[in-house]
Amino acid sequence: MKKLIITIDGPAASGKEKIAKYIAKKWKLNHLDSGILYRRLALIFSIEKIDIENVNKIKNKLKNIHQISFRNSKNIRTQVISRLASKIAVHDCVRNYVNKLQYNFVNKNKKIQGFVIDGRDIGSVVFKNADLKLYIDVNPEIRAKRRYKQLIDSGEKSIYPKILKDIKLRDKQDKLRKHSPLVIPKGAHMVDNSGSFTDTIKQIKVLLDKI
Ligand code: CDP
């Protein structure tokens, strides 16, 4: 049986995760957050003090990582790890490693009827033939306000102008990198997530009903 694949791409803090979780629950699909995988690698590199500018050191380390957790946790949501994840994501070897994990995850779960996968290059590179592609759009100021609230609620110290600066920097890094930059994937539907969550879900329901 062909598995349904829905991809969600968009910039930092655009709300991809919340939207993906909602779709997964409502339509009984499995959710895969590819950002977690970049964040997990960033955490490993940071703990082991791997020089992330040195591609050979990264490659050697990747050869020795045989398992990686797909679970979210507070220690991969810090600003330091967000920044580091975006930095390591420019390397082709890191992207290939993460993409393989994603293909294995989808292929091994034979009984699952479909997946919602979110990230930066999911509809443009990883699952180009997805059944539905969404691109989430929100301006940087709204994204920064939401991320600021998220960090404060989780107990992390945070300053709004710094968050805004970080988000703009990550946008730049994600959009300008050579390998798999953040783009609006071919055939993707634009979803405006600047308003209420109910408004966003209304836009998505129309698209899902057409699959
Ligand atoms: O939650 P947020 O949108 O802030 O970030 P994330 O989705 O957890 O991703 C963290 C970082 O990983 C991003 O800034 C990207 O640089 C990178 N990433 C990527 O390059 N490709 C993906 N498919 C997912 C994440």
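A residue is counted as near the ligand if one of its heavy atoms lies within 4 Å of it. In this predicted model, 20 residues surround the ligand, and Arg39, Arg95, Asp121, Arg170 and Asp174 come nearest among them. The protein also contains an open sheet of 5 strands with parallel pairing.

**Sheet**

- The strands of the open sheet follow the order S2-S3-S1-S4-S5.
- Strand S2 (30-33) and strand S5 (189-192) form the edges, each pairing on one side only.
- On average, neighbouring strands of the sheet are turned by 25° against each other, with direction ignored.
- Strand S1 (residues 4-9) and strand S3 (residues 114-119) run parallel and are joined by 6 bridges.
- Within S1 and S3, Ile8 stands opposite Asp118.

**Helices on the sheet**

- Helix H2 (residues 34-47) packs on the sheet, where it touches S2 and S3; the direction of H2 makes about 40° with that of S2.
- Helix H9 (residues 197-209) also packs on the sheet, touching S1, strand S4 (132-137) and S5.
- The direction of H9 makes about 160° with that of S5.

**Ligand surroundings**

- Arg39, one of the residues that come nearest to the ligand, has a polar side-chain atom 2.6 Å from a ligand oxygen atom.
- In the side chain of Ser34, an N or O atom lies 2.9 Å from a nitrogen atom of the ligand.
- The backbone contributes through Ala13, a polar backbone atom of which is 3.1 Å from an oxygen atom of the ligand.
- On its own the ligand has 530 Å² of accessible area, and the protein covers 97% of this.

Definitions and conventions:
Residues are numbered from 1 along each chain as its sequence is written. This is a predicted model: local features need pLDDT of at least 70, side-chain atom pairs count only at pLDDT 80 or more; totals for chains, interfaces and linings use all residues. Side-chain values use heavy atoms; hydrogens and water are left out. Two strands pair if DSSP finds at least two bridges between them. Helices (H or I, at least four residues) and strands (E, at least two) are DSSP runs, numbered from the N terminus. Axes are lines fitted to C-alpha atoms, for helices over the stretch in contact, and angles run from 0 to 180 degrees between N-to-C directions. Contact means heavy atoms within 4.5 Å. A polar contact is a pair of N or O atoms within 3.5 Å; within protein, one must be able to donate a hydrogen and the other to accept it, and residues adjacent in sequence count only if both atoms are side-chain atoms. Accessible areas come from the Shrake-Rupley method with a 1.4 Å probe; for residues, only the protein chains shown count as cover.
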